[in-house]
Amino acid sequence: SVKVQARTLDDLIAQYGVPAFIKIDVEGAEYDVLCGLSQAVAALSFEFTMIQRELAHDCVDRCMALGMTEFNLSMGESHRLEYEHWIDASQLKARLDELPEHANSGDIYVRSSNHPPN
């Protein structure tokens with residue numbers, strides 16, 4: 001094993017400023033990363049898998065608690081948003097719940113309605 005220093009998103013924001021976009025891909029620790037963020041940012045994304053749907057739900061709830069309320073979805077490595085218009089958390093969770101196991105994974109995109117859309 002190797003010990004590494006972990007830093008929260010809040011620590012990084014304090015040092016470097018608020019980013020326009022945060023990409024989170026930490027193999028199942030997405031919720032832990034989001035717990036190290038205490039403010040809404042303009043936009044972020046995090047990976048999800050079908051074998052950890054509940055983790056994706058928890059991440060969506062955390063984003064909502066931060067005031068980030070608009071969601072979209074990109075399946076697999078398509079890099080294409082599934083929805084033309086951004087959806088709310090309940091719609092996203094319903095979509096995640098209906099996806100078949102073989103859908104495997106993708107990315108959830110989140111943006112704050114308090115920031116101008118890109």
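Mentor: Helices and strands in this discussion are DSSP runs, numbered from the N terminus; a helix has at least four residues and a strand at least two. The model before us is predicted.

Trainee: Where is the place of His79?

Mentor: His79 lies in the loop between β3 and α4.

Trainee: What is the phi of His79?

Mentor: The general idea comes before the case. Most residues other than glycine have a negative phi. His79, which is not a glycine, has a positive phi near 60°. A second case is Asn104, also not a glycine, with a positive phi of about 70°. Asn104 belongs to the loop between α4 and β4.

Trainee: Is His79 buried or exposed?

Mentor: The cut-off for exposed is over 50% relative accessible area. His79 has a relative accessibility of 60%, so it counts as exposed. Glu77 sits in the loop between β3 and α4, and it is exposed as well, with a relative accessible area of 60%. The C-alpha atoms of Glu77 and Asp107 are 8.4 Å apart in space, although 30 residues separate the two in sequence.

Trainee: Which residues of helix α4 are buried?

Mentor: Helix α4 covers residues 89–98, and its buried residues are Ala89, Leu92, Lys93, Arg95 and Leu96. To read such a list, consider the geometry of a helix. An α-helix has 3.6 residues a turn, so residues three or four places apart point the same way.

Trainee: Where do the buried residues of α4 fall, seen down its axis?

Mentor: They fall within an arc of 160°, and therefore line one face of α4. The face turned away from this buried side carries the exposed residues Ser90 and Glu98.

Trainee: What covers the buried residues of α4?

Mentor: The cover includes strand β2 (43–49), helix α3 (53–65), strand β3 (70–75) and strand β4 (105–111).

Trainee: At what angle do α3 and α4 pack?

Mentor: Two helices that pack can be described by the angle and the distance between their axes. For α3 and α4 the angle is about 170°, and the axes are 10 Å apart. This makes α3 roughly antiparallel to α4, because an angle over 145 degrees counts as roughly antiparallel.

Trainee: Which residues in α3 and α4 meet?

Mentor: From α3 come Arg53, Ala56, His57, Val60, Asp61 and Met64, and from α4 come Ala89, Leu92, Lys93, Leu96, Asp97 and Glu98. Sorted by character, the residues of this contact are six nonpolar, one polar and five charged.

Trainee: How many aromatic pairs are there?

Mentor: A pair of aromatic rings is described by the distance of the centres and the angle of the planes. The count here is one aromatic pair. Phe21 and Tyr109 form it, with 6.4 Å from centre to centre and 25° between the planes, and the pair is stacked. Planes under 30 degrees apart count as stacked.

Trainee: Which parts of the chain does the pair link?

Mentor: The pair links distant parts: Phe21 is in the loop between α1 (9–16) and β1 (22–24), whereas Tyr109 is in strand β4, 88 residues apart. Phe21 is partly exposed, at a relative accessible area of 40%.

Trainee: Is Ser74 buried or exposed?

Mentor: Buried means under 20% relative accessible area. Ser74, in strand β3, has a relative accessible area of 2% and is therefore buried. Setting aside neighbours within four places in sequence, Ser74 is in contact with Phe48, His79, Arg80, Gly106, Asp107 and Tyr109. Among these are two residues we have already met: His79 and Tyr109.

Trainee: With which residues is Gly106 in contact, leaving aside its neighbours within four places in sequence?

Mentor: Gly106 is in contact with Phe46, Glu47, Phe48, Ser74, Met75 and Gly76. Gly106 lies in strand β4 and is buried, at a relative accessible area of 2%. Its C-alpha atom is 8.5 Å from that of Phe46, a residue 60 places away along the chain.

Trainee: In which helix is Val33 found?

Mentor: Val33 is in helix α2, residues 30–35. Its relative accessibility is 25%, so Val33 counts as partly exposed. Beyond its neighbours within four places in sequence, Val33 is in contact with Leu9, Ile24 and Val26. The C-alpha atoms of Val33 and Cys59 are separated by 9.5 Å, with their positions 26 residues apart along the chain.

Definitions and conventions
Residues are numbered from 1 along each chain as its sequence is written. This is a predicted model: local features need pLDDT of at least 70, side-chain atom pairs count only at pLDDT 80 or more; totals for chains, interfaces and linings use all residues. Side-chain values use heavy atoms; hydrogens and water are left out. Buried means under 20% relative accessible area, exposed over 50%, partly exposed in between (1.4 Å probe, protein chains only). The arc is that of the directions from the helix axis to the C-beta atoms. Contact means heavy atoms within 4.5 Å. Rings of Phe, Tyr and Trp (its six-membered ring) pair if their centres lie within 6.5 Å; planes under 30 degrees apart count as stacked, over 60 as edge-to-face and the rest as tilted. Axes are lines fitted to C-alpha atoms, for helices over the stretch in contact, and angles run from 0 to 180 degrees between N-to-C directions. Angles under 35 degrees count as roughly parallel, over 145 as roughly antiparallel, 65 to 115 as roughly perpendicular and the rest as oblique. Ala, Val, Leu, Ile, Met, Phe, Trp, Tyr, Cys and Pro count as nonpolar, Asp, Glu, Lys and Arg as charged, and the others, Gly among them, as polar.
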